[in-house]
Amino acid sequence: MQEALFYSKTTKGQVRCELCPWNCVLSDGQTGICKVRTNHNGILVTNVYNKVAAIGSDPIEKKPLYHFHPGKNILSVGEVGCNLECSFCQNHRISQCKASEFSGFHNITSNKIVDEAQKTWNNTGIAYTYNEPFTFYEFLLDTAQLARLKGLKNVVVSNGYINAAPLQKLLPFIDAFNIDLKAFTDDFYKKYTKGKLQPVLNTLKQIAQSPAHLEITTLIIPGLNDDSSEFESMINWIATELGENVPLHLSRYYPQYKLNAPPTPVEKLVELYDLAKQQLQHVFLGNISDQERSTTYCKNCNAQLISRNRYNTAITTLDRAGNCKKCGTFSSVVI
Ligand code: SF4
């Protein structure tokens, strides 16, 4: 148990957590919506410092990140807890579990994780992933600072549900983000995640204005967020507010957790891919075998820069500086 960052005390012995948009006000003994931060005798504590629920080496493409150190592996760590409750969550066993009820923690320090990352083959850094990393903010921040000192990259895979001040404090230490944009209506967010859309859009803009690399993932769920005009509004917003170079991953949905709608039809994914490509330079289909729509193309001459077959990646026509070898156009891929 460790004192949390970003909270204030009220006159009645309550604490107000200011880490994420819920801003939970907690009486003594109460735990926040994320299930991992508790008012302990008038002090807000995190129950997951130095506690890892899952750790392993993954291809960086699995995060997914396609334009950040392609072909590398990344040591990936996750804990328990989440500040949203998505009815289609793929990791609900850890994301929707209270810290006090989880029995599979490894007690592991930031130092140990950094050591492990340095020993791992073909490894570029550490990814904070699997559950929602912002809910283990203090451990993430300390580990990322240490990793940075050792020359490792830090990657955050997140739902984007965080307040501006804690994100600002973290940004200097994070090299790349993949943020879920789960839909483009508040109705969807309220009904299927229990959260709100606007804080996620704020996070995306804040990251896009920083030096960190940004990619976005949208899980396409039939009948819930696959309406063409709603999708077009989302693509418009990404192109206008974040820029046409931000890679967008459109992921195929399969029944999970509380949702049992059938998997996304492939034709729908292709239709939305084509729509997105009208405004964005780099769109990819995920959770599906489609080499053509998993390839990075040069935005100028259309040469195949990076080809992918599942997690096998081949950098074909890209130089070390990220320029197309055929026409010299900068690709914005971080090699
Ligand atoms: S991080 Fe947890 S305790 Fe803090 S405001 Fe968000 S849900 Fe509430």
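Begin by selecting Asn23, which is placed in the loop between strand S3 (15–17) and strand S4 (25–26). The model on display is a predicted one. Asn23 is not a glycine, yet its phi is positive, near 45°. Most residues other than glycine have a negative phi.

**The sheet around Asn23**

Extend the selection to both flanking strands. S3 and S4 are paired in the antiparallel sense through two bridges. Select Arg16 to find one end of a bridge; the partner in S4 is Val25. Next add strand S2 (7–9), which is an edge strand of the sheet, as is S4; each of these pairs on one side only. The three strands make an open sheet in the order S2-S3-S4, and their pairing is antiparallel.

**The ligand and its cavity**

Which residues should be selected around the ligand? They are Cys17, Leu19, Cys20, Trp22, Asn23, Cys24, Gly32, Ile33, Cys34 and Arg37. Asn23, the starting point of this tour, is therefore part of that shell, given that residues count when a heavy atom lies within 4 Å. Coloured by class, the shell shows seven nonpolar residues, two polar residues and one charged residue.

Now display the internal cavities. The structure contains four of 30 Å³ or more. The ligand is located in the largest cavity, which holds about 120 Å³ of space. Its lining consists of 15 residues, and those nearest the centre are Cys17, Leu19, Cys20, Cys34 and Arg37. By class, the lining of the largest cavity comprises ten nonpolar, four polar and one charged residues.

**A cis peptide bond and the largest pocket**

Move along the chain to Lys63 and Pro64. The peptide bond joining them is cis, with omega about -5°. Most peptide bonds are trans. Pro64 belongs to the loop between strand S8 (54–59) and strand S9 (73–78).

This pair also leads to the largest pocket: Lys62, Lys63, Pro64, Gln90 and Thr217 lie nearest its centre, among 43 lining residues. The elements that contribute two or more residues to this lining are strand S12 (153–158), strand S13 (176–180), strand S14 (213–220), strand S15 (248–252), strand S16 (283–286) and S18. Which of the elements gives the largest share of the lining? Select S14, which supplies three residues. The volume of the largest pocket is about 1,100 Å³. Its lining divides into 19 polar, 14 nonpolar and ten charged residues.

**The annotated region**

Select residues 67–287 as a block. An unreviewed UniProt entry annotates this range as "domain: Radical SAM core". Over residues 67–287 the chain is 36% helix and 19% strand. Place a distance label between the C-alpha atoms at the two ends of the range; they are 18 Å apart.

**The second largest pocket**

Next, select Ala208, Ser210, Pro211, Ala212, His213 and Leu214, which are among the residues lining the second largest pocket. Complete the lining with Leu242, Asn245, Val246, Pro247, Ser332 and Val334. About 160 Å³ of space lies in this pocket. Are charged residues present in the lining or absent from it? The lining has eight nonpolar and four polar residues, and no charged ones.

**The sheet of S17, S18 and S19**

The last stop is an open sheet of three strands with antiparallel pairing, ordered S17-S18-S19. Strand S17 (296–297) and strand S19 (312–315) are the edge strands, each pairing on one side only.

Take the S17 side of the sheet as the next selection. S17 and strand S18 (residues 304–309) run antiparallel and are joined by two bridges. Thr296 has Ile306 of S18 as its bridge partner, and Tyr297 stands opposite Gln304. The hairpin formed by S17 and S18 has six residues between the strands, and Asn302 in this hairpin adopts a positive phi near 65°.

Finish on the S19 side. Four bridges connect S18 with S19, again in the antiparallel sense. Asn309 faces Asn312 of S19 across the pairing. Two residues separate these strands in their hairpin, and Arg310 in the turn has a positive phi of about 55°. S18 also links this sheet to an earlier stop, as one of the elements that give two or more residues to the lining of the largest pocket.

Notes: Residues numbered from 1 in each chain as written. Predicted model: local features only at pLDDT ≥ 70, side-chain atom pairs only at ≥ 80, totals over all residues. Heavy atoms only, no water. Pairing = 2+ DSSP bridges. UniProt positions renumbered as here; feature names shortened; annotations may be inferred. 1 Å grid on protein atoms, 1.4 Å probe; cavity = no way out; pocket = protein on both sides within 12 Å on 5 of 7 lines; lining within 4 Å. Sits in = over half its atoms within 2 Å of the grid points. Nonpolar A, V, L, I, M, F, W, Y, C, P; charged D, E, K, R; others polar. Points joined across faces, edges and corners; volume = space filled by probe spheres on them.
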